[in-house]
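User: I have a two-chain model open on my screen and would like a close look at one part of it, the small sheet late in the second chain. Could you walk me through that part and then show me how the rest fits around it?

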Amino acid sequence: MMFVIARRELRSLFLSPLAWMILAIVQLIMGFLFLSHVNIFLSVAPKLPLIHDAPGLTGLVAAPTLGNAAVLMLLIAPIMTMRVVAEERRNHTLTLLYTAPVSRLTIVLGKYLGILSFFLILIALIVLMPLSLLVGGHLDFGMLACGVLGLILLVMAFAAVGVFMSTLTSHPTLAAISTFGVLFLFWIIDWAGRGHGAGGAAVAYLSALNHYEPFLRGLFDTSALAYYLIVTAAFLGLGVRRLDADRVGA
Amino acid sequence: MNGQVLVEVEGVSRFYGKTAAVADVSFLIRRGEVLGFLGPNGAGKTTTMQMLSGNLAPSRGRVSIAGCDLLENPTRAKRHIGYLPENPPLYRELTVDEFLDFCAALHGLSGKDRKAARERAKTRCGLTEVGRRLTGHLSKGYQQRTGLAQAIIHNPDVIILDEPTVGLDPIQMREIRSLIRELGREHAVILSTHILPEVRASCDRVQIINRGRLVLNESIQDLDRRMQSSVLAVTFRRPPAPEALAALPGVGAVTAEGETRFKLFHDPAADPTEALIKLATDKEWGIYEISPERQSLEALFVELTGQAGEA
């Protein structure tokens, strides 16, 4: 049942020009960023053998590309998730799901999976760029896989925040703006924490970015994994609660 | 037609803040029955329908559908429900076929069953021609039919229709009404409406709700009996004295309506029409109009909902 909802969600996304536009624009921007990283690499490449333990192609091109992708995801996640529940509420189609023999959890998970599938397609297209380096070079696959895993985890959390924000309102734009606000705050919250002792460190720990960086360096950090999974589960849980409030609340 | 109880509503109330949209409503619907749900705007029709379909939780009371409690076991109970809300819930970017397939899949139908269910629902609702068109591009009437097809696609025991004929032309209305009658043979149907003749045309039983309370719950036959005429309106060219009319057997009271027109109130069991005509021709009163006055469903509706004073 969950997959029925997810498939419909994904299908409806690709029936609108929005999904195609975003895929196209992201490819364009990522292509540009990727090429500029390649350029930098080419300019420093001759000096690399002289440096002890120098970063390789993966570290100098693939990792920064994935790092840039994260920023783009921050901008895209609100747009892709804004309609997921808000628009259904507005068009009165939510009734259809509420009347069907599916639980609220199934509805939220189905919708979330639909959105997540879109992001996985997007990430797959982005990863093709560093993979194209195989034509003329070697990649550290472990490091690349780690970075991609980090990006997927990051996007999982972003999409969960977006889905929750979309359950709150019947105006997609409001959902997009609030998602962007929350994500941006998660992004920059470590600025506030810098150099303020233990309390500051605790605040900085909440930052989504801080947990992403180790993955890019090829470090698989289980605490970061837990961080993203907890954020995802928490926001999806809140979304289920919110849908239930439609039924119960005044 | 086995009369199995499919919907059981027990003391259901719903509050919005302190106002009760629906207060202590109880009723039953059996298989093979079409129940008409009447009420003025804001009387609690839609709220009741939303509670029956599991879209809204009652503040108090119990709803059970085909023996499953809607609150304790919503997923089981909802398998037996088909619901067409006021606004047909359509994904505008899908075609009619895609949309109906999705609805069938939501109810756990797959493969061959799904296709068969879709085709059956389309035939029943007259949608065979528009299967490949986008639901968002359909006219209001076709959107309404698609909404109806969605509600019956999984062959539910209980079909809940919130104003199903709104926006339809008279021919479509007739079609939908006969479809409702047909559905009412095997399922339990509950439909809400503003249109009073619709109730007479398609329902077996009528409920009138006003300010959240049920004020009437009767079968159409009982209602007809209740509304049966016990008043005759007569007009003469050469009117007699009212006393002469009052003397007729069975006539209780006579009121004059203008110079030549009278109203005769009689015992419903004893219709004085024939005796009156005979007397009038014998005495050459020049009778040229005689008609039984029917109390209309409308009048009853106005009386029960107390709208006359406010209107």
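Analyst: Happy to! One definition helps before we start: two strands count as paired when DSSP finds at least two bridges between them. Please keep in mind that this is a predicted model.

With that in hand, here is the sheet. In chain B, four strands form an open sheet in the order S12-S13-S11-S14, and their pairing is antiparallel. Its edges are strand S12 (251-257) and strand S14 (287-292) of chain B, each of which pairs on one side only. From one strand to the next, the twist averages 20°.

Let's zoom in on one pair. Strand S11 (residues 231-236) of chain B runs antiparallel to S14(B), and five bridges link the two. If you want a spot to click on, Ala233(B) stands opposite Ser291(B) in S14(B). Helix H10 (residues 273-282) of chain B packs on this sheet, where it touches S11 and S14 of chain B. The direction of H10 makes about 175° with that of S14(B).

Now for the nonpolar cores. The largest one has 131 residues, and those with the most contacts inside it include Leu154(A), Phe158(A), Ala160(A) and Val189(B). Helix H7 (residues 141-167) of chain A gives the largest share of this core, 16 residues. Ala160(A) is a good residue to follow: leaving aside its neighbours within four places in sequence, Ala160(A) is in contact with Tyr112(A), Val231(A), Thr232(A), Phe235(A) and Leu236(A). Apart from that core lies another, of eight residues, and Leu232(B), Val254(B), Leu264(B) and Leu276(B) are among them. Compare those numbers with the strand and helix ranges above and you will be back at the sheet: S11 of chain B covers residues 231-236, S12 of chain B covers 251-257, and H10 of chain B covers 273-282.

Next, the other end of chain B. Strand S1 (residues 5-16) of chain B and strand S2 (residues 19-30) of chain B pair in the antiparallel sense over eight bridges. Together S1(B) and S2(B) form a hairpin with two residues between them. In the turn, Gly17(B) has a positive phi of about 65°. Beside that turn, Tyr16(B) has Thr19(B) in S2(B) as its bridge partner. S1(B) also pairs with strand S4 (residues 60-65) of chain B, again in the antiparallel sense, over five bridges. There, Ser13(B) stands opposite Arg60(B) in S4(B).

Between these strands in sequence comes helix H1 (residues 45-52) of chain B, which is mostly covered: eight of its eight residues are buried. The buried residues of H1(B) include Lys45(B), Thr46(B) and Gln50(B), as well as Met49(B), Met51(B) and Leu52(B). Just after H1(B), Gly54(B) takes a positive phi of about 80°.

Two further residues have a positive phi without being glycines. Asn155(B), with a phi of about 55°, sits in the loop between helix H5 (140-152) and strand S7 (158-162) of chain B. Glu163(B), with a phi of about 50°, is placed in the loop between S7 and helix H6 (170-186) of chain B. Which of the two labels, buried or partly exposed, fits Asn155(B)? Asn155(B) is partly exposed, because 16 other C-beta atoms lie within 10 Å. Glu163(B) is buried, because it has 21 other C-beta atoms within 10 Å.

Stepping back to chain B as a whole, its secondary structure comes to 11 helices and 14 strands. The C-alpha trace of chain B spans about 80 × 45 × 40 Å along its principal axes. Its radius of gyration is 25 Å, whereas a compact globule of 311 residues would have one near 19 Å. Buried residues make up 40% of the 311 residues. Among contacts in chain B between residues at least 6 apart in sequence, 67% join residues at least 24 apart.

Finally, the place where the chains meet. The contact takes 19 residues from chain A and 23 residues from chain B. On the side of chain A that touches chain B, helix H1 (2-15), helix H5 (94-99) and helix H11 (222-248) of chain A are the elements that give two or more residues. The residues on that side of chain A divide into 10 nonpolar, seven polar and two charged.

Note on methods. Residues numbered from 1 in each chain as written. Chains lettered and ligands numbered in written order. Predicted model: local features only at pLDDT ≥ 70, side-chain atom pairs only at ≥ 80, totals over all residues. Contact = placed C-beta atoms within 7 Å. Nonpolar A, V, L, I, M, F, W, Y, C, P; charged D, E, K, R; others polar. Buried ≥ 20, exposed ≤ 12 C-beta atoms within 10 Å, placed from the backbone. Rg over C-alpha atoms; globule rule 2.2 N^0.38 Å. Axes fitted to C-alpha atoms, helices over the stretch in contact; angles between N-to-C directions. Core = buried A, V, L, I, M, F, W, Y, C linked by C-beta atoms within 7 Å.
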